[in-house]
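I opened this entry to keep track of what I looked up, chain by chain and contact by contact. The notes follow the order in which I went through the model.

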Amino acid sequence: MAMTGIFLILFLIVHAGINACIFLNDNGETFNQMAHFMSHNWILRFLEVGLFAGLILHIFQGLSLWSQNNKARPVQYHFSQPSKNSKWYSRSMGILGTLLLLFLIMHLSHFYVGTKMELYGGVHHDETLFEEMKEVFSNLWIVILYVVGVIALFWHLYHGFQSAFQTLGINHKRYTPLIKIIGIGYAVIICVLFALMPISMYLGCIK
Amino acid sequence: MEHYHMNLTLKVWRQKNNKSKGKLETYQVSNISSEMSFLEMIDVLNEQLITEDKDPIAFDHDCREGICGMCSMYINGQAHGPWQQNTTCQLHMRAFKDGDTIVVEPWRSTAFPVVKDLVVDRSSFDRIIQAGGFISVNTGNAVDANALPIDKKDADDAFMAAACIGCGACVATCKNGSAMLFVGAKVSQLALLPQGEPERESRVLNMVAQMDKEGFGNCTNTYACEAECPKGISVANIARLNSEFLKAGLSTED
Amino acid sequence: MVLDSKIPHGEMDKKWSDYKGHVQLVNPANKRKLEVIVVGTGLAGASAAASLGELGYKVKAFCFQDSPRRAHSIAAQGGINAAKNYQNDGDSVFRLFYDTVKGGDYRAREANVHRLAEVSTSIIDQCVAQGVPFAREYGGLLSNRSFGGTQVQRTFYAAGQTGQQLLLGAYSALERQVALGNVKMYSRHEMLDVVKIDGKARGIIARNLIDGTTERHFGHAVLLCTGGYGNVFYLSTNAMGSNVTAAWKAHKQGAFFGNPCFTQIHPTCIPVSGDHQSKLTLMSESLRNDGRIWVPKQKGDNRKPQDIPEEERDYYLERRYPAFGNLVPRDVASRAAKERCDEGYGVGTTKMAVYLDYKDAIVRYGKIEAGKTGLENADHAAIVALGKAVVQEKYGNLFEMYEKITGENPYETPMRIYPAVHYTMGGLWVDYELQTTVKGLYALGEANFSDHGANRLGASALMQGLADGYFVIPYTLGNYLAEEIRTASISTDHEAFVLAEKAVNDRLSTLKNINGKQTVESFHKRLGKIMWDKCGMARNEAGLKTAIAEIQALKKEFWSDVKIPGEVNEFNTELDKAGRVADFIELGELMCFDALNRNESCGGHFREESQTEDGEAKRDDQNYAYVAAWENKGDNGWELHKESLNFEIVKPTQRSYK
């Protein structure tokens, strides 16, 4: 869980970094170049397989945890007050993860399937990825769904970042507070960046 | 402290034995002093039940001073009740007020089957210790106690981990029914001390294997265990367990 | 029957090594065939079961709790003594021996005490090797503190949880033997009788407390490590389940009971708050190291303690005992508190309490800390803050416990304390080998009468429990079992087992079928009140005689009017408790007999008829320098046997802590 989590965390930095190129307001030129590079460089394509493997492993591990943990308490309490001893998001990683998975399916169908169809299926697109984004994010409902997805991502990362270190056995009086701060900073920056993309495109701020 | 008296409604889990189905029963107790301990309040209820020709509530308790780890009630949705760093026997009735309804349930975990009412079987903890929670030193084998100086900080950390009373509140509290805090505390104690070094790897691997075999869940780092632990055992011990486990897992030749 | 204490001949400091040098041994192949039953898994039981398992015996261990780790040894707070002399303050085996004999008011057997002092050092080594996290200094070496009744620092400790850490050490050794298959553990099992065949203990009848069924278990020898009987007083610092049943059944099977009236009343407990009280909580004696005990000089002073100026406080221990001050032995401190309260100087709502004050200690430590860090001109508030931090490091968990129970903050306001029943020096009479008067039946730890005489010094109970289990019984039991190697395991179908089991079951159903009106708890409370009032901190002839009559009447009432719900063959805590209370009632009667017989004051036993002019206990060595060993005669009461005590080394003098 922790290893795949950290792997996905690293991926998100790259993902957010490249997508942030849209904010250069150069009509998506840099962004399109980066996107083209990402989807056509063979090393990156190889890494892409690894990314999917990591993601699927992460999901699989999550499901297996969920099933084992359910078995560990077959009879539930009639009255329980978990909020007295733990944070809701730390207890909701499974639900947040499921939301993220649903979001991801939508997200991939918007931006990934098309690119791949072009690459492997010979289906030709006239639109650049940047133009696709503009089109997708012109729909208010989709923008709202994206923002919801990013909020789920935020809480998932907020807990997941420091949790990964704990699982890997790193808990240190001096460094753990630092890890927590970095984790929060990371979650905020990544999620704000991601959320701004659909919002600013919908509002027409990106040219 | 101002003392007061109160009338309470209790909803208590009743279950005849391991095979029968249980349910919550409602009882009334009156004129309970705020100076009583929670278990003394249950004593009052039990005396009342016996006089009414009813079966008293079975519950585990022994030292009633917060150290033996035998008492184990899930009170109003929290292991050992509303006070932090506290056992059920040390919970006092001044935590409640007149007219309150209190729900009392047994620990819930596959690895802690209910024996009767609020009594559960925690022998799974003993079996985890049997798997490796010891230092193999036969009586008489020891060298002089001061032959091996130990860094005070390590000794203190080992002591803090060793403060675990094995009550099982961590398991009862954890949404996953995980025993990682219990196992982490013992592994940490022995990993921090030079005496524990020779069996360091086999210990952690065997204890974790036994923990999984008993049907405890996995840790997802909600840290509820630390918040409810009557002895305040830190989740840093779980991290140490994780790192000991990873290191041992990578280096073992089996 | 003549009591043979089997004390080895020779010089006091050579007895144990000579004994070990000549004791019979059992070869490893034979050990595998010999079965040993250990009842109780506290310090004595767990250490004995583990050590015997390591030696290769087939051990069966029993405890009534859900896990051996719950035994009440776990609650011991302060520490464990050992003659290590790590502090270079003049300690030695002889000093520990001397202090213990003197502290016990010359009613202990010298040879046993000397052995205890000798093995004390090995205990610390063993525990450290097991991973017991004793307190350490910055240099990484073990830390010591002082305790009541001594003038050296020989107490090893793990904050206020020494008993817990030592027990968990012994428990881990026990669980290791369980894993290795050398020990079979029976938890939630209560021993309800000893089975004797041809005069030797050959097994027990135990009841499975989960389903209520009885079981027969064979053993070539039976070890009772079942703790003390302080709960005869109903309110005590013992655990709720602590009971005398195993020892009492042994007593009824012929094991003599030694000095039953020797009870230790611990001076520093949290006072009773009301009728609902189910048990008392001890505050470690180590608190007396730094705390000062006082009451107002004025009777019935209702001011808050903070409002009573220094000159109106009576630090009565420092006043009466300038040499030892607040560190006098437990019996002396307890009686002094009772004396003040009886005279009307008590504090708190019940007026049955004295103050234990940390104000001065906080300032003293604060000044030391300020000095260390060069804060010579620190103001009072800063000094107090520094001092509180030191006190918290040393006693934090005890202070927290006090606050949880009383709701008062002991850093700000003095603690209220009062004596409470804590330990019983009396117990099954045993010889030097820890064997009772029944062959093959042994008693270890608090369950026996042996090492503490009429008063136990602080931090000595843990020492004795572990000494018996780790270092004494492995030798002495071998001496007995060496003669048993030709005895094959006896089938539990043997008539003696059948009859014993039937008797146990008959008693259970008799109890269950009384169908009276009063609860077990109510009988226990009444017994406790009789015992506390008339056989407690001060005893006199008239009171003891009344108590005996009252207890006899209570016994009759119990057996005709007790009410036990539920069934025999199920998890039935009321039935468990009923059996224990029935035994406590009988024991209470014997304690009063013993107290009545011993017309002297010694240690924890204070006969009002025997005191000096200034109210100190007065011993009568002429007439009472013996161990009272009582033989059970069934319905005809008890017969007294005396083991006279000969003091070769420590010549009895009137104890003085002035």
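**Domains and contacts**

I began with chain B, which is divided into domain 1 (5-105) and domain 2 (123-251); I kept in mind throughout that this is a predicted model. Taken over C-alpha atoms, the centres of domain 1 of chain B and domain 2 of chain B are separated by 30 Å. I then looked up how the two domains meet, and found 12 residues of domain 1 of chain B in contact with 10 residues of domain 2 of chain B. On the side of domain 1 of chain B that touches domain 2 of chain B, I noted four nonpolar and eight polar residues, with no charged residues.

I turned next to chain C, where the domain assignment gives domain 1 as 33-72 + 165-262 + 425-636 and domain 2 as 265-421. The centres of these domains of chain C, again taken over C-alpha atoms, lie 35 Å apart. In chain C, 14 residues of domain 1 are in contact with 21 residues of domain 2, and the side of domain 1 of chain C that touches domain 2 of chain C divides into six nonpolar, eight polar and no charged residues.

**Between the chains**

Which chains have the most contacts between them, among the two pairs that touch? I found that chains B and C do. Chain A and chain C do not touch, and I recorded 19 Å between their nearest C-alpha atoms.

For the contact of chain A with chain B, I listed 28 residues from chain A and 33 residues from chain B. On the side of chain A that touches chain B, helix H3 (42-72), helix H4 (88-91) and helix H8 (140-167) of chain A each supply at least two residues, and the largest share, five residues, comes from H3(A). By class, the residues of that side of chain A divide into 10 nonpolar, 14 polar and four charged.

**Chain A by itself**

I finished with the build of chain A, which has nine helices and zero strands, so that I could place the helices named above; from the N terminus on, its elements run α-α-α-α-α-α-α-α-α. Along its principal axes the C-alpha trace of chain A spans about 55 × 35 × 35 Å. Of the 207 residues of chain A, I noted that 26% count as buried. Among the contacts in chain A with a separation of 6 or more, residues 24 or more positions apart account for 77%.

Methods. Residues numbered from 1 in each chain as written. Chains lettered and ligands numbered in written order. Predicted model: local features only at pLDDT ≥ 70, side-chain atom pairs only at ≥ 80, totals over all residues. Contact = placed C-beta atoms within 7 Å. Helix = DSSP H or I, 4+ residues; strand = E, 2+ residues; numbered from the N terminus. Nonpolar A, V, L, I, M, F, W, Y, C, P; charged D, E, K, R; others polar. Domains from an automatic or database assignment. Buried ≥ 20, exposed ≤ 12 C-beta atoms within 10 Å, placed from the backbone.
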